[in-house]
Amino acid sequence: MFLSEAGARPRAGEASASERRKWVKVFKACDEDNKGYLSREDFKVAIVMLFGYKPSKIEVDAVMSSVNPNTSGVSLEGFLSAVKRKKEARLYRNEIRQIFTAFDVHYRGFLTLEDFKRAFSLVAPKLPARTVLEVFREADQDSDGHVSFRDFEYAMNHGQSK
């Protein structure tokens, strides 16, 4: 039996029953005419309500591309799926931010090779210095000796480019 089935907290990527109810409530609030789907504009309003920002055209296009042509909108299930993916992406980004912050012990907003050496010596003390240098160079996209959060996030999401 899964923990979520036993009444324990859901796993990180799963929506709790209360979250799901909230998402359904937002869907219904944005589906003012009770069409059973959200138009492009309705979807934007729902995302603002749930996440506090207006989604980009690309983000809306990605969701709307999966729309049933007969309804010209996002169904409840499509909406719930999109919101769940968005929540998972946000959780993953927060994890990356926490790792970056743990590396950035001087709170400078960027990482140096020394920061990498310090962090790797704690989590992988037997890792060769050459490997740490290679990882740093891979992450330091513009070779300025600093790894910004954007560089770090890119490296975490895309891994080796070789």
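In the predicted model, the chain contains seven helices and four strands. Read from the N terminus, these elements follow the order α-β-α-α-β-α-β-α-α-β-α. The chain comprises 162 residues, of which 30% are buried. Its accessible surface amounts to about 11000 Å², and carbon and sulfur atoms account for 54% of that surface. When contacts between residues at least 6 apart in sequence are considered, 52% of them join residues at least 24 apart.

An unreviewed UniProt entry lists residues 18-53, 91-126 and 127-162 under "domain: EF-hand". Two of these segments may be described in terms of their secondary structure and end separation. Residues 18-53 are 69% helix and 6% strand, with the end C-alpha atoms 22 Å apart. For residues 91-126, the corresponding content is 67% helix and 6% strand, and the end C-alpha atoms are 30 Å apart.

Helix α1 was examined in further detail. This helix consists of 14 residues, running from 17 to 30, and at 1.5 Å a residue it should span 20 Å. The end C-alpha atoms of α1 are indeed 20 Å apart, in agreement with that expectation. The buried residues of α1 are Trp23, Val24, Val26, Phe27 and Cys30. Because these residues cover an arc of only 160 degrees around the axis, they lie on the same side of α1. An α-helix has 3.6 residues a turn, so residues three or four places apart point the same way. The face of α1 turned away from the buried side carries Ala17, Arg21, Lys25 and Lys28, which are exposed. The packing partners of the buried residues of α1 are two strands, β1 (37-38) and β2 (74-75), together with two helices, α2 (40-51) and α4 (76-103).

Towards the other end of the chain, attention was given to methionine 156, a residue of helix α7, which covers residues 149-158. The relative accessible area of methionine 156 is 34%; this residue is therefore classed as partly exposed, since the partly exposed class falls between the limits of 20% and 50%. With neighbours within four places in sequence left aside, methionine 156 is in contact with Tyr92, Ile96 and Ile99. One of these partners, isoleucine 96, is 60 residues away along the chain, yet its C-alpha atom is separated from that of methionine 156 by 7.4 Å.

How values were computed:
Residues are numbered from 1 along each chain as its sequence is written. This is a predicted model: local features need pLDDT of at least 70, side-chain atom pairs count only at pLDDT 80 or more; totals for chains, interfaces and linings use all residues. Side-chain values use heavy atoms; hydrogens and water are left out. The expected span of a helix is 1.5 Å times one less than its number of residues. Buried means under 20% relative accessible area, exposed over 50%, partly exposed in between (1.4 Å probe, protein chains only). The arc is that of the directions from the helix axis to the C-beta atoms. Contact means heavy atoms within 4.5 Å. UniProt positions are given in the numbering used here, feature names are shortened, and annotations may be inferred rather than shown by experiment. Accessible areas come from the Shrake-Rupley method with a 1.4 Å probe; for residues, only the protein chains shown count as cover.
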